[in-house]
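Let's take a walk through this structure together, starting where the chains meet and then moving inward. Keep the 3D view open as you read.

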Amino acid sequence: MTPALEIRNVTRRFAGLIAVNDVSFLLQPREILGVIGPNGAGKTTLISLISGTLAPTSGDVLFEGQSLAGMPAYRRARLGIGRTFQIMRPFPGLSVLDNVAVGALFGHGGGHAKLAKAREQARAQLEFVGLGKFVDQRADELGGPGRKRLELAKALAMQPKVLLCDEVMAGLNLVEIDEVIAVIRKVRDAGISVLVIEHVIKAIKSLSDRLLVLHHGEKIADGEPDSVLANQTVVEAYLGKRRI
Amino acid sequence: MKALRIMLVLAAFAVLAAVPWFGSDVLIQFGINALLLAVLAQGWNIIGGYTGYASFGNSVFYGLGSYGVGIAMAQWHLPFAVGLVFGVVLAVTFAVLLGIPVLRLRGHYFAIATLALAQVMTAIVSNVELAGQNIGLVLPPLNNDRLFYELSLGLLVLATLTVFWLTRSRFGFGLIAIRENEEGAEVMGVNTTLYKTMAFALSGVFSALAGGIHAYWVTFIDPESAFDISLNVKMIIMAVFGGPGTVLGPVVGALSLSAISEFLSSEITSLASLFFGIVVVVAVVIMPRGLADMLRRFRKTGWRYFAENIRTHRL
């Protein structure tokens, strides 16, 4: 089966800093792949390289076997790559409903041409992520947890084939985390492949089918969540070396 | 509520349309100027208010529209309508050629880059023989102010309907998304470069048509007046005063500020511009998001609206 995403030897330099260093991995269809790593490991850069807001210094990203090299972000979105932002970026002056409607108007396949249809779909998407009560509110009036869900609804309204989640659980309480996990599972059950960046280890361990660890821009582990988290290098990356 | 609003707009339109049949010559002439300024403010609203790019280049479109009509009529002896089309073609070409590089800049940088365009155009046109160099062009006169008035009003209606369409179309939503968060819009599938350029061009079409009508009306154009940067400042002030990113705000802003400015300059001639400046400063302080926003919130918060705005300015 063709992988949903193939990351092939991708490197990204910012002047002297190598944010992502020769990283390769696959995202299989209907898989939930968790990406973890300490601060500054290159996780968000990786998502930006896939969604097209940054270009790789070298290497290539393939979507369903097709190279995305040189393709602008909006065309990747129309192919079916949806992303959320870690620093939540709603369209602040628009209502919650219209924020999501933008995704339905422009997303996968070019979206709906009709505003009424797009709003209808947006409403359904907001119900799905649990923001059904806030449709008429302005997006900048939502609190942090609400904005996280809004980011998710915006990306889902694009009807993506691949969803890239950048820390959608950061700052949420345990109940909210469980709710978001349930939403992401349902998304996967609908046939979408998901890449999740997360800091909350416990949450991502139960959610992911597979776990990938970045450290200083390099991939240091990739495999079953339990074995990855038991891996000595991974433990050292997070906690440092034990000195006796 | 909605029906009432539509009735009000239609009534206002009927009154405006009837002005040439009961108003004095002075009123009609004031009307033409005010309506053309409203068209410019509404045109600026598309790129500045909806797309969020504070363009100082719209006076260039205005100048190109003037020269389109000027060259077509004075040099080639073609009808007025052909001149308008020629001006629009010039403006759209300019918007596409310069929009693509300039619209890559954001915020202040975009404003400064477009600010320079008007200066450059004055210099270029002053050296083009077809455009009458720095002497200018004299157009065949047409003494029919009623016609010019109704043409300007028709253009304003067209511009306003276009902006109304923006608020409920896919294209308009793309522009608003760009204004609110350009990177966010891009990753959601909005072709930001294309949309920005189209908004710039559409904004230019209305400015060019206004410039064309004005040129034929005053029957004389020269580079200094056609590419006058202060006109661009005026359209921005008017749009922002009324409420950028709203359908009727720029129109109300332009008409009311024109009236205030006219009143001041006839009543207290020597200090008129000083008072006009004060009106603008006070407006910016007490209602920074324009008349439209003020009216919307005033109903909810009352006089506190002004107090809160003053407080946020730390005055």
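How many residues does the contact take from chain B, and how many from chain A? The contact draws 20 residues from chain B and 31 residues from chain A. Bear in mind as we go that this is a predicted model.

The size of an interface is often given as the accessible area lost when the parts come together. Here, about 2,100 Å² is buried between chain B and chain A, and carbon and sulfur atoms give 67% of that area. Three residues deserve a look on the chain B side: R170(B), F173(B) and M188(B) together supply 37% of the area that chain B buries against chain A, more than any other three residues.

What about charge and polarity across this boundary? The rule finds 0 salt bridges across the interface of chain B and chain A, while 5 residue pairs are in polar contact between these chains. On the side of chain B that touches chain A, the elements giving two or more residues are α7 (170-180) and α8 (182-187) of chain B. Helix α7(B) provides the largest share of that side, with 6 residues. By character, the residues on this side of chain B divide into 8 nonpolar, 6 polar and 6 charged.

One residue that lets us see the meeting of the chains in detail is E180(B), which sits in helix α7 of chain B. Is E180(B) buried or exposed? E180(B) counts as buried because its relative accessibility is 18%, and the cut-off for buried is under 20%. Leaving aside neighbours within four places in sequence, E180(B) is in contact with F91(A), P92(A), G93(A) and L94(A). The side chain of E180(B) also reaches the backbone nitrogen of G93(A), at 2.6 Å. Within its own chain, the side chain of E180(B) joins that of R179(B) in a polar contact of 3.1 Å.

Now cross over to chain A and find A73(A), in helix α2 (residues 73-79) of chain A. A73(A) counts as buried because its relative accessibility is 3%. Which residues does A73(A) touch, not counting those up to four places away in sequence? They are S51(A), G52(A) and T53(A), together with E186(B) and V187(B) from chain B. Of these, T53(A) is 20 residues from A73(A) in sequence, yet their C-alpha atoms are 5.8 Å apart in space.

Let's move on to other parts of chain B. S66(B) lies in helix α3 (residues 58-75) of chain B, and S66(B) counts as buried because its relative accessibility is 2%. Not counting residues up to four places away in sequence, S66(B) touches A208(B), G211(B), G212(B), A215(B), I221(B) and A226(B).

Further along the chain B sequence comes helix α13 (residues 272-286), with 15 residues. From its first C-alpha to its last, α13(B) reaches 21 Å, close to the 21 Å expected at 1.5 Å a residue. Which residues of α13(B) are buried? They are A272(B), V280(B), A283(B) and V285(B). An α-helix has 3.6 residues a turn, so residues three or four places apart point the same way. The buried residues of α13(B) pack against α11 (229-242), α12 (249-267) and α15 (304-312) of chain B.

Finally, let's follow the charges. Side chains of opposite charge can pair when their charged atoms come close. Over all chains, the count comes to 15 salt bridges. One of them joins R149(A) and E179(A), at 2.4 Å from N to O. This pair links distant parts of the chain: R149(A) is in helix α5 (residues 144-157) of chain A and E179(A) in helix α6 (residues 174-189) of chain A, 30 residues apart. R149(A) is buried, with a relative accessible area of 13%, whereas E179(A) counts as partly exposed at 38%.

Another salt bridge pairs D189(A) with R188(A), their closest N and O atoms being 3.6 Å apart. R188(A) counts as buried because its relative accessibility is 16%. Salt bridges that share partners also join E31(A), R210(A), K219(A) and D222(A) into one network. A further pair to find is E6(A) and R8(A), whose closest N and O atoms are 3.1 Å apart. E6(A) is partly exposed, with a relative accessible area of 21%, and R8(A) also counts as partly exposed, at 39% relative accessibility.

Methods:
Residues are numbered from 1 along each chain as its sequence is written. Chains are lettered from A and ligands numbered from 1 in the order in which they are written. This is a predicted model: local features need pLDDT of at least 70, side-chain atom pairs count only at pLDDT 80 or more; totals for chains, interfaces and linings use all residues. Side-chain values use heavy atoms; hydrogens and water are left out. Contact means heavy atoms within 4.5 Å. Buried area is the accessible area (1.4 Å probe) that two parts lose on being put together, summed over both. A salt bridge is a side-chain nitrogen of Lys or Arg within 4 Å of a carboxyl oxygen of Asp or Glu. A polar contact is a pair of N or O atoms within 3.5 Å; within protein, one must be able to donate a hydrogen and the other to accept it, and residues adjacent in sequence count only if both atoms are side-chain atoms. Helices (H or I, at least four residues) and strands (E, at least two) are DSSP runs, numbered from the N terminus. Ala, Val, Leu, Ile, Met, Phe, Trp, Tyr, Cys and Pro count as nonpolar, Asp, Glu, Lys and Arg as charged, and the others, Gly among them, as polar. The expected span of a helix is 1.5 Å times one less than its number of residues. Buried means under 20% relative accessible area, exposed over 50%, partly exposed in between (1.4 Å probe, protein chains only).
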